[in-house]
Protein chains: 2
Amino acid sequence: MGFEFSAGKWQRLRSLTDEQGRFKMLAIDQRGSLERALSRAGGGNREITTEDMARAKEAITKILAPYSTAVLTDPLVGYPYTIQRLPPRVGLLLAHEESGYQPASAGSKERLTELIEGWTAEKAQRAGADAVKLLVYYRPDMSSEMRKHQQDLVRRVGEECLEADMPFLLELVGYALKEPGENTPEYALKKPEIVIKSAEEFSRQEYHVDILKLEFPSELKWTREFAGGAFDGKAQEAVYDLKSVRERCRELNEASGTPWVILSAGVDIEEFLTQVSLATEAGASGFLCGRAIWKDAAPLYPNMEQMEGWLCDYGVYNFLRANASAHRAMPWFRHRRFGGGEGLGLAQKGERWHREYAKAR
Amino acid sequence: MGFEFSAGKWQRLRSLTDEQGRFKMLAIDQRGSLERALSRAGGGNREITTEDMARAKEAITKILAPYSTAVLTDPLVGYPYTIQRLPPRVGLLLAHEESGYQPASAGSKERLTELIEGWTAEKAQRAGADAVKLLVYYRPDMSSEMRKHQQDLVRRVGEECLEADMPFLLELVGYALKEPGENTPEYALKKPEIVIKSAEEFSRQEYHVDILKLEFPSELKWTREFAGGAFDGKAQEAVYDLKSVRERCRELNEASGTPWVILSAGVDIEEFLTQVSLATEAGASGFLCGRAIWKDAAPLYPNMEQMEGWLCDYGVYNFLRANASAHRAMPWFRHRRFGGGEGLGLAQKGERWHREYAKAR
């Protein structure tokens, strides 16, 4: 059997994991959500400048990156202002999309993703990134026209990464469309299907995705076991139980045709740790997590002493716990896509390799 | 003061060091010298195939790379056949030159370097390398025409690296020209000048060198303290003493306008450890070492069990000792070129960074 990798993808994927091939990655590419959090800090409604964003990102990167196997940041502020805080031997992913989304049309709830203008996979490679990350809002049941827009976008970035021989990490995020909102029993019931079907779609080879970054395929807060308010103190009605959540995790792992990691979507840390534990139990290869780990630092801005103090005390503690929860994660190269890891090798070999590689360029 | 780095060079230089910014790097890019060693194994004179080279390189890489901060290999056999043995979080350098040298003309002792045809800094970058390495044979007193050839070659590769935003590591190796041979008192006396003046020349900004890989600027075997045969059991006459060797190391550090590492040139391990200790005491930022660490494994080929056994027992031990000898090395970013490390940052910043970066491409 075996699986053959192209040189650049293989070499860079290695840079994102721990020694066992597990992803324990920090996300600090937030723009809109971080700006809003900083703006609200201290109860105020401050105007947030690039310098504010740079200072907050620098503090978070400096203190938490040493505990990660790789850091995802953005090429707009994160890269130019905080890259000097990346420790040696920690991988780097760069975001490819503009923050947030555009409504498909006035009043539409459908969300369209936009790429960062003037940024390319080739620039990311030149700047030393180990992977391109793209976040796409997606509903398998969105209108066919808008679905095609999102699919085309992913395909385009996939081809761009293929051309540059760069790993491609695709993040898929669902949202309420016909449902009254994301924090509703209707959405909790719909979510598994959204997450699983989206993973299935973008596992197709035409998208050239190397790692999927996925939402947890259920809402733990709506399970019988946790609906009493275990995570946030708010009791609500249960719509399913933990046994079915485990089943959804297994289905998601089957749907994902490539190694996958779990994202945090800013849930509280205890809930995230449970998600990581359940996802990796089902076959996930780790996590890529931002807000669940560091979000409580943002309200302390601009008091850097307090903010850094919180990060050193609680941020590091959160990260260490997340790493421990991902302890049993599937090494990415053991994923069935690669035949379980036996016989992995390079697609191009032999004495003419160095001549043939990227000949077209 | 401060010093401003371009993005890709900075990000990749970080990947080559330990957490303190020290280089502890393994060289397994040998071609001619490894082929000769394998050929002589077992007292025979076997024909060595690509497969032989690949197997030997794979064993050495697999067993020693985990102890290194980065591995230097070649893009001909090393990369395509052994890259799957690089552990996560170990940097990668790729050789840019053909093995060995060409005589400047029939009967000439002057050595000319050739680049690997069909290989470029851009391909190295695409393949996930963190730096380009070029070995150049050089004598400051070679004929002006041949000196120009070697200088032009370095300048060309320096510009290629600048264009690709890739770190450039330049290795300089001297050789006997008017002297009767390298292992002679005449050459031992000449060597400090060769090493120091070569480092001085290629520290000029026009070559765009980021790291120099340099020979030890004296011959320890010809010092009063070690001439009795301390390293190899052969007694010879002393031509200088350790005090003057220390002085030459200091001069070399002053001559090197950029961080430098020491090479082993295949000396025995005890001699190499002393060289590392003296060089790092004078300001070197670590080592890039091959044969001094693993050369005694080659004669065991093709008995892989014996070869791997030796590497696990003695190779690893040698590497650990070399790492310990480099313990006090100067973190590369503390080099005076960078103003001692204060105020290091990126050359390009601001909100238009991502647009302006590599605009020309």
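Which residue in E11(A) is the bridge partner of A:Ile262? In this predicted model, the bridge partner of A:Ile262 in E11(A) is A:Phe287. The sections below set this pair in the context of its barrel, and then turn to chain B and to the relation between the two chains.

## The barrel of chain A

In chain A, 8 strands form a closed barrel in the order E2-E3-E4-E7-E8-E9-E10-E11, and the pairing is parallel. From one strand to the next, the twist averages 25°. Strands of a sheet pair through backbone hydrogen bonds, in either the parallel or the antiparallel sense.

Strand E4 (residues 91-95) and strand E7 (residues 131-137) of chain A run parallel and are joined by 3 bridges. A:Leu94 has A:Val132 as its bridge partner in E7(A).

## Strand E11 of chain A

Strand E11(A) has pairing partners in both E10 and E2 of chain A. Strand E10 (residues 260-263) of chain A pairs with E11(A) in the parallel sense over 2 bridges; within this pairing, A:Ile262 is matched with A:Phe287. Strand E2 (residues 23-27) of chain A also runs parallel to E11(A), and 4 bridges join the two. Here the bridge partner of A:Leu26 in E11(A) is A:Cys289.

In a regular strand, the side chains alternate between the two faces of the sheet. In strand E11 (residues 286-289) of chain A, A:Gly286 and A:Leu288 point one way, whereas A:Phe287 and A:Cys289 point the other way. All of these residues are buried.

## The barrel and helices of chain B

Chain B likewise contains a closed barrel of 8 strands, running E2-E3-E4-E7-E8-E9-E10-E11 with parallel pairing. With direction ignored, neighbouring strands of this sheet are turned by 25° against each other on average. Helix H6 (residues 144-164) of chain B packs on the sheet, where it touches strand E7 (131-137) and strand E8 (168-173) of chain B. The direction of H6 makes about 175° with that of E7(B). Elsewhere in the barrel, strand E2 (residues 23-27) and strand E3 (residues 70-73) of chain B run parallel and are joined by 3 bridges, and B:Met25 has B:Ala70 as its bridge partner in E3(B).

Helix H8 (residues 242-255) of chain B comprises 14 residues and reaches 20 Å from its first C-alpha to its last, close to the 20 Å expected at 1.5 Å a residue. Its buried residues are B:Val245, B:Arg248, B:Cys249, B:Leu252, B:Asn253 and B:Ala255. Viewed down the axis of H8(B), the buried residues fall within an arc of 160°, so they line one face of the helix. They pack against helix H7 (185-202), strand E9 (211-214) and helix H9 (269-282) of chain B.

## Symmetry and interface

A turn of 180° and a shift of 0.0 Å along the axis lay chain A on chain B with an RMSD of 0.0 Å. The two copies are therefore related as by a two-fold rotation axis. Among the residues of chain A, A:Arg89 comes closest to this rotation axis, with its C-alpha at 2.6 Å.

Across the interface, 46 residues of chain A are in contact with 46 residues of chain B. Helix H1 (7-13), helix H4 (78-82), helix H5 (121-126), strand E12 (344-346) and helix H12 (353-356) of chain A each supply at least two residues of the side that touches chain B. The largest share of that side, 5 residues, comes from H1(A). Because 100% of the interface residues of chain A are also interface residues in chain B, the copies meet through the same surface.

Key:
Residues numbered from 1 in each chain as written. Chains lettered and ligands numbered in written order. Predicted model: local features only at pLDDT ≥ 70, side-chain atom pairs only at ≥ 80, totals over all residues. Pairing = 2+ DSSP bridges. Axes fitted to C-alpha atoms, helices over the stretch in contact; angles between N-to-C directions. Contact = placed C-beta atoms within 7 Å. Expected span 1.5 Å × (residues − 1). Buried ≥ 20, exposed ≤ 12 C-beta atoms within 10 Å, placed from the backbone. Arc of directions from axis to C-beta. Least-squares fit on C-alpha atoms with pLDDT ≥ 70 in both.
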